[in-house]
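Me: Please take a close look at one part of this model. I would like the open sheet, with what packs on it and around it.

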Amino acid sequence: MALVLFYFLHTFMRKRQEVSPSCKNSLRNNSGLRDHQNGRRFMRMRVLVTGVTGQLGHDCVVELKDRGMEVRGVSSKDFPLTDAKAMRRVMAAYKPNCVIHCAAYTAVDRAEDDEAACMAVNAEGTANLAKLCREFHAKMVYISTDYVFPGDGDAPYETDAPKGPQNVYGKSKLMGEEAIQSILKRYFIVRISWVFGINGKNFIRTMLRLGESHAKLTVVDDQVGSPTYTRDLSVLLADMIQTERYGVYHATNEGFCSWAELAAEVFRQAGMPVEVTPVPSSAYPTRAVRPKNSRMSKNSLTEAGFALLPRWQDAVGRYLIELESMKEQREALAE
Ligand SMILES: NC(=O)c1ccc[n+]([C@@H]2O[C@H](COP(=O)([O-])OP(=O)(O)OC[C@H]3O[C@@H](n4cnc5c(N)ncnc54)[C@H](OP(=O)(O)O)[C@@H]3O)[C@@H](O)[C@H]2O)c1
């Protein structure tokens with residue numbers, strides 16, 4: 001018992017120490033106090049977070065609870081996006097004044113052969129949720145994706161750049177955006193990319209697993225974008241919902257890289273001697289087309305007074321520490 005308690009305390013202290021100076025700045029700068037100073041009053045927030053069993057939804061719930069906010073996380077079991085009546089029952093019982101909609105059909109390749117299911121969740125489910133937000137006077141955060149853009153050129157996309165999704169998943173997420181914009185006034189659309197978090201599978205975890213058994217790996221280097229650490233994004237979202245600064249935003253960790261560069265940085269920081277050989281996307285054909293250019297401009301974020309997220313290399317470092325802490329906790333619990 002004492003050992004378990006020690007590990008929890010140890011992990012808690014490490015979590016606090018992990019926050020880098022840039023992240024602390026982000027916390028300070030994004031503080032809802034700014035709106036308070038502008039004379040706005042905050043109502044007590046009751047937040048419903050969809051997708052709690054996924055990467056982002058999990059971290060949003062942790063962040064909001066850490067801040068003492070009233071929050072309920074829901075998954076497909078208690079809040080199926082394909083069942084408007086079931087969703088309405090939850091909304092009527094909980095009466096949130098804010099919904100952070102992280103849930104989505106995220107199987108990008110499977111969506112190519114399962115378009116109806118993907119659309120039912122990402123387009124129709126999101127539209128139904130937006131209608132419920134209107135009925136229950138809740139502001140809504142919708143998490144969208146770089147896949148709404150065509151992926152051409154090499155300049156960062158502004159939030160209002162022409163759209164042109166190249167796959168079914170991207171089309172469905174864009175339809176979700178359009179539905180929200182036609183139904184609601186009080187919404188935040190936040191486009192993110194290359195997500196990694198503690199509660200789910202992602203590219204970094206795959207690399208770490210493959211790196212255990214391979215001294216050399218070939219990784220795609222003609223797709224360029226920005227990784228998004230769900231812990232960093234959750235801090236921004238928790239700040240955002242306390243404001244009335246509605247609009248469309250891009251929010252990823254700062255800086256751009258290719259998948260090959262991300263893999264190399266993961267191995268460097270993890271101290272794993274794995275050689276990464278860059279290869280073109282054609283070496284790894286996938287069912288769904290991926291955009292080559294996933295760079296997104298953060299101009300709308302800074303113009304609205306929100307601080308940028310820390311650089312992606314910094315985020316990778318803190319994520320590796322978080323993974324290590326989780327491993328230690330599991331080992332302690334197993335003893
Ligand atoms: N992953 C990325 O690289 C990436 C990139 C850009 C944007 N995004 C967007 O970021 C958001 C969060 O992504 P993530 O990686 O955290 O997702 P994730 O880990 O794949 O989790 C998806 C979540 O959606 C829920 N969900 C799926 N189908 C549902 C349904 N029919 N009804 C209700 N809930 C359902 C799942 O619940 P169950 O566990 O109960 O199925 C799960 O909690 C999503 O909106 C995604 O489109 C992700």
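Reply: Here is the sheet, followed by the core and the ligand shell.

This is a predicted model, so local features need pLDDT of at least 70, side-chain atom pairs count only at pLDDT 80 or more, and totals for chains, interfaces and linings use all residues. Residues are numbered from 1 along each chain as its sequence is written.

Six strands form the open sheet, in the order 2-1-3-4-5-10, and the pairing is parallel. Strands (E, at least two residues) and helices (H or I, at least four) are DSSP runs, numbered from the N terminus. Two strands pair if DSSP finds at least two bridges between them. Strand 2 (70–74) and strand 10 (247–250) stand at the edges. Each has a single partner strand, so one side of each is left without a neighbour in the sheet. Neighbouring strands are turned by 15° against each other on average, direction ignored. Axes here are lines fitted to C-alpha atoms, for helices over the stretch in contact, and angles run from 0 to 180 degrees between N-to-C directions.

Now take one pair. Strand 3 (residues 98–101) and strand 4 (residues 139–145) are joined in the parallel sense over four bridges. Histidine 101 has tyrosine 142 of strand 4 as its bridge partner. Helix 7 (residues 115–135) lies across both strand 3 and strand 4. Its direction is at about 170° to strand 3.

Next, the core. In soluble globular proteins, nonpolar side chains tend to be buried together. The largest nonpolar core here has 81 residues. Such a core is a set of buried Ala, Val, Leu, Ile, Met, Phe, Trp, Tyr and Cys residues joined through C-beta atoms within 7 Å. Buried means that 20 or more other C-beta atoms lie within 10 Å of a residue's own, with C-beta atoms placed from the backbone. Val49, Ile100, Met140, Val141, Val190 and Leu237 have the most contacts inside this core. Helix 7 gives the largest share, seven residues. Leucine 237 touches Cys60, Ile100, Val141 and Val190, not counting residues up to four places away in sequence. Contact means C-beta atoms, placed from the backbone, within 7 Å.

Last, the ligand. It is surrounded by 29 residues, the closest being Gly54, Gln55, Ser75, Ser76 and Ala104. A residue counts as near if its C-beta atom, placed from the backbone, lies within 6 Å. Helix 4 (55–66) and strand 4 are the elements that give two or more residues to this shell. The largest share, three residues, comes from helix 4.

Conventions. Contact = placed C-beta atoms within 7 Å. Buried ≥ 20, exposed ≤ 12 C-beta atoms within 10 Å, placed from the backbone.
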